[in-house]
Amino acid sequence: MPPTPSLSPSPALAAAKQTDRSLSRAEAVRFLQRTTFGPTPEEASELGRIGIDAWLDRQLATQPDRTHLARRIDNGSTLPSIWQTYLSATDQLRKRFAYALSQIFVASEIVVGNERIADFADVLEANCFGTYRNLLERITRSQAMGQYLTYERNQRADEYRGTVPDENYAREIMQLFSIGLWELNADGTRRLDSGGNPIPTYDTDDIIGLARVFTGFEMPYGPLTVFAKPMRTDGGFTREWHEKGEKRFLGATIAADPNRTLDQSVDLALDVIAAHPNVGPFLGRQLIQRLVTSNPTPAYVARVSAVFDDDGGGTRGNLAAVLRAIVTDPEATEPDPPATAGKIREPVLRFTAIARALRVSCTAEPWPLFSLADRATAIGQQPYEATSVFNFYRPGYVPPRTAIGDAGLVAPELQITDETTTIGWINFLQGFLMQPPQSGNARIELDIGDLLALAPDLTVTRAQAEAIVDEVAARLCPFGLDRRARDRIVEAVEGVANPDLAPGDTRNRDQLLRERVMGTVLLVAATTDFINDR
């Protein structure tokens, strides 16, 4: 695994860096909901004790215990490994940041299959704390991206046959993975020409020139372990079909050279892209959106962009430093954020936050969790199964005919939210809470013993109902519940019917007590206080 670059303090990073102080429970839950797949009660307590800086240092040093591809080889599917690690792995920061990156650098199992997507997930997790330049190269050379964006076995132009190189990756690496469509200021706002118009970052000639770089890649062949290897750049296809002529793009020129190798062309091209001034604000803003808030201020973007440009030790694109700057920025940690702060909690993060708050575990591998992409019967979203290279939703999505749009704001996650997904989410969650999935010896388990102990009898008092509701809310809603919502949920918990039980009949009694707790979780999970991640 590549070493993490130095995190020497820079003025921008130092401004964002927290002091090593203890945190309240609410502060800890809020921070961990952005930097993990949701805190367990014990993790929130530990963060509160040691502080943000120490926790980040510890997590940045934590390595994955096993690769997704290794689990795929053993168990025959990638998706259970994804869910297992999101729900139980100790390297939560790595997993959470790689997931955010997977929504920018998109490849989908729908197209490439689960072996290559397992390796792609491993590539993101192995390189997400290194430099942007290194990550971009690993992604470019990955089998999953080569297949997904159709540049594997891409051929140089052939005048006799009238063919030209596939331009798919050349377009998307600029539009989506690095610089975007418009030239940006350091704060993420668009640069304007003398006429007040935005300035395009590239044109058709740039796409054509860059496409000539990505010619000659081919897949390696062999047993399943071969999926962990990058695409080949040394085979006969490469030597015959890589373009050795001149390549012009983004103001740079790779001179024609009959001895130019594909590796050399790729290195030169990625150096040009990674050095572009747009990368910091373009990538930084999207990462802020994925981790903290849909509508960061220009000042927030500028602070993160400054850390991308220089981590304080002279390194450009230090992603670990960028991550630290994002999650410790004053706008991320302010105790009373404005109404425009935060973001809609996407389905994946809703599910994992609830499961981890209930100390989810499984009795055996593989975990019996597969695709949850069905919009009517599941959560409507599955990691690494986006239906297009533009992710599940676009970063600039504006819900039509809403106050959000009227205010000039965006709400990306609402692009996959509608009546069907809203009902499907609640129905799925109810089934998951009351009958967690199982397959053979593998059974999902939720540890709610401490919640059951808050009201151990069939008859529940008002104080006990409030204790259950407040404890569930403390784990899921760091800003608490709206008073009216809290009162209604407490009343619902109080109103759970007490059945007539035969003497010694503990089965129905235990079921009722469990339903009371899980019903509380379900009701809290349906509130805007949980759905709106502030």
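1. Start with strand S5 (residues 438–439), which is joined to S6 by two bridges, the two strands running antiparallel. One partnership here puts Gln438 opposite Arg443 of S6 as its bridge partner. S5 and S6 make a hairpin with two residues between them, and Gly440 in that turn has a positive phi of about 65°. For the vocabulary, strands (E, at least two residues) and helices (H or I, at least four) are DSSP runs numbered from the N terminus, and two strands pair if DSSP finds at least two bridges between them.

2. A word on what you're looking at: this is a predicted model, where local features need pLDDT of at least 70 and side-chain atom pairs count only at pLDDT 80 or more, while totals for chains, interfaces and linings use all residues. Residues are numbered from 1 along each chain as its sequence is written, and side-chain values use heavy atoms, with hydrogens and water left out.

3. Back to the strands. S6 also has two bridges to S4, again antiparallel. In that pairing, Cys362 has Ile444 of S6 as its bridge partner, and Ser361 has Glu445. Put together, three strands form an open sheet in the order S4-S6-S5, with antiparallel pairing. S4 and S5 are the edge strands, each pairing on one side only.

4. Which side chains of S6 (residues 442–445) are buried? Ala442 and Ile444 are, and they point to one face, whereas Arg443 and Glu445 point to the other and are not buried. That fits the usual pattern: in a regular strand the side chains alternate between the two faces of the sheet. Buried here means under 20% relative accessible area, exposed means over 50%, and partly exposed is in between (1.4 Å probe, protein chains only).

5. Now the cysteines. Cys362 has a relative accessible area of 17%, so it is buried. Cys128, at 0%, counts as buried too. How many disulfides does a search of the whole structure find? Zero, with a disulfide taken as a pair of cysteine sulfur atoms within 2.5 Å.

6. Have a look at Gln381, in the loop between strand S4 (361–362) and helix H21 (403–406). Its relative accessibility is 1%, so Gln381 counts as buried. The side chain of Gln381 makes a polar contact with that of Tyr99 at 3.4 Å. (A polar contact is a pair of N or O atoms within 3.5 Å; within protein, one must be able to donate a hydrogen and the other to accept it, and residues adjacent in sequence count only if both atoms are side-chain atoms.) Leaving out residues up to four places away in sequence, Gln381 touches residues including Gln103, Glu346, Phe392 and Ile416, where contact means heavy atoms within 4.5 Å.

7. Another loop residue is Pro220, between helix H13 (204–211) and helix H14 (236–241). Pro220 is buried, with a relative accessible area of 9%. Beyond residues up to four places away in sequence, Pro220 touches Gln143, Val226, Lys229, Pro230, Met231 and Arg232. Pro258 is 38 residues from Pro220 along the chain, and their C-alpha atoms are separated by 25 Å.

8. Last stop: helix H16 (residues 279–291) gives the most to the lining of the largest pocket, with six residues.
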